[in-house]
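Reader: I'm new to this one. Can you walk me through it?
Author: Sure. Have a look, then ask away.

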Amino acid sequence: MRPSGRKLSDLRAVSIETGVMKHAEGSCLIKMGETHVLCSATIEDKAPPFLKNTGQGWVTAEYGMLPRATNSRTRREAAAGKQSGRTQEIQRLIGRSLRAGVDRQALGERQIVVDCDVIQADGGTRCASITGGWVALRLAVNRLLASGVISSDPIMDHVSAVSCGIYAGQPVLDLDYIEDSAAGTDGNFVMTGAGKLIEVQMSAEGSAFSQEELLGLLDLARQGNAALVAAQRTALGV
């Protein structure tokens, strides 16, 4: 039995509330169990300098965690004067993941910045950020299309992410903090709505894992990401 009482293939309760920020071109609050992330998308009218005169746009991300998102206070990174390596790694993952679902030529020479701020953490913050960040990005692009700034939709497919791991010798979907901290194997699977893989992060926290276990976790991830895409569609009213 999992600590939460969930079945091995159960996601935590997922909710996505859109339009939660007045000024952002796209925003949502995603809750995956006790992990809550505020996501916003900002449209900037010019692309980064390295894309000047290429006709291509850019999607990037920034990630942060509030001091009391965790069970003890974490010092603000701004107070330390620099981002941690973990923060940099996560926001690069979010940016890479979201760009994989975008036709940057159709976006034109502009940049969309997706901010993901963790209000409360209970495992899976990077996965929730990717899943919610895509919804914020979709809403921002909808504004561009509605205003006639762009004529073709640059978003090619949904992007979502979910964690899977080996906990107490069993493959489980969507680990919370208790499971994540004790998992023998931990992985994050980023996928498109069509079920194609964008990125897989896997590591053995205890003993090494087998090919069969990897494929079993991949099957769980496909189920989980399909459910997350359905939640994205519901949030967007599709």
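Reader: Let's start with W58. Is W58 buried or exposed?
Author: Buried. This is a predicted model, and in it W58 has 18% relative accessibility. W58 counts as buried because the cut-off is under 20%.

Reader: What about F50, buried or exposed?
Author: Exposed. F50 has a relative accessible area of 53%, and exposed means over 50%.

Reader: How many aromatic pairs does a search of the whole structure find?
Author: One. F50 and W58 form it. The pair is edge-to-face, at 5.1 Å centre to centre, with 90° between the planes.

Reader: Why give both a distance and an angle?
Author: A pair of aromatic rings is described by the distance of the centres and the angle of the planes.

Reader: On to the strands. What does β2 pair with?
Author: Strand β1, residues 14-18, is joined to β2 by five bridges, and the two run antiparallel. V14 stands opposite M32 in β2. Strand β3, residues 35-44, is also antiparallel to β2, with seven bridges between them. There, S27 has S40 of β3 as its bridge partner.

Reader: How many residues lie between the strands in the hairpin of β2 and β3?
Author: Two. In that hairpin, G33 takes a positive phi near 60°.

Reader: How many residues of β2 are buried?
Author: Six of the seven, in residues 26-32. So β2 is largely enclosed by the rest of the structure.

Reader: Follow S40 for me. What does S40 stand opposite in β5?
Author: D115. Nine bridges join β3 to β5, and that pairing is antiparallel.

Reader: And β4 with β5, parallel or antiparallel?
Author: Parallel, over eight bridges. One partnership there is A61 with V114 in β5.

Reader: Where is V113?
Author: In strand β5. V113 is buried, at 10% relative accessibility. V113 and V59 are 54 residues apart in sequence, yet 6.0 Å apart in space, C-alpha to C-alpha.

Reader: Where is R110 found?
Author: In the loop between α3 (104-107) and β5. R110 has a relative accessible area of 14%, so it is buried. From R110 to V59 the C-alpha distance is 8.7 Å, with their positions 51 residues apart in sequence.

Reader: Helices now. How far apart are the end C-alpha atoms of α4?
Author: 33 Å. Helix α4 has 23 residues, 125-147, and at 1.5 Å a residue they should span 33 Å, so the two values agree.

Reader: How many of the residues of α4 are buried?
Author: 17 of its 23, so α4 is mostly covered. Just after α4, G148 takes a positive phi of about 80°.

Reader: Last topic, the largest pocket. How much space lies in it?
Author: About 950 Å³. The lining has 40 residues. Y63, M65, R86, A121 and T125 lie nearest the centre of the pocket.

Reader: Which elements give two or more residues to the lining of the largest pocket?
Author: Strands β4, β5, β8 and β9, with helices α1, α2, α4 and α5. For the ones not yet placed, β8 is 185-192, β9 is 197-204 and α5 is 177-182.

Reader: How do the lining residues divide into nonpolar, polar and charged?
Author: There are 12 nonpolar, 16 polar and 12 charged residues in the lining of the largest pocket.

Notes: Residues are numbered from 1 along each chain as its sequence is written. This is a predicted model: local features need pLDDT of at least 70, side-chain atom pairs count only at pLDDT 80 or more; totals for chains, interfaces and linings use all residues. Side-chain values use heavy atoms; hydrogens and water are left out. Rings of Phe, Tyr and Trp (its six-membered ring) pair if their centres lie within 6.5 Å; planes under 30 degrees apart count as stacked, over 60 as edge-to-face and the rest as tilted. Buried means under 20% relative accessible area, exposed over 50%, partly exposed in between (1.4 Å probe, protein chains only). Helices (H or I, at least four residues) and strands (E, at least two) are DSSP runs, numbered from the N terminus. Two strands pair if DSSP finds at least two bridges between them. The expected span of a helix is 1.5 Å times one less than its number of residues. On a 1 Å grid over the protein atoms alone, a cavity is a set of points where a 1.4 Å probe fits but cannot get out, and a pocket is an open set with protein on both sides within 12 Å along at least five of seven lines; lining residues have an atom within 4 Å of a point. Grid points are joined across faces, edges and corners, and a volume is the space filled by probe spheres set on the points. Ala, Val, Leu, Ile, Met, Phe, Trp, Tyr, Cys and Pro count as nonpolar, Asp, Glu, Lys and Arg as charged, and the others, Gly among them, as polar.
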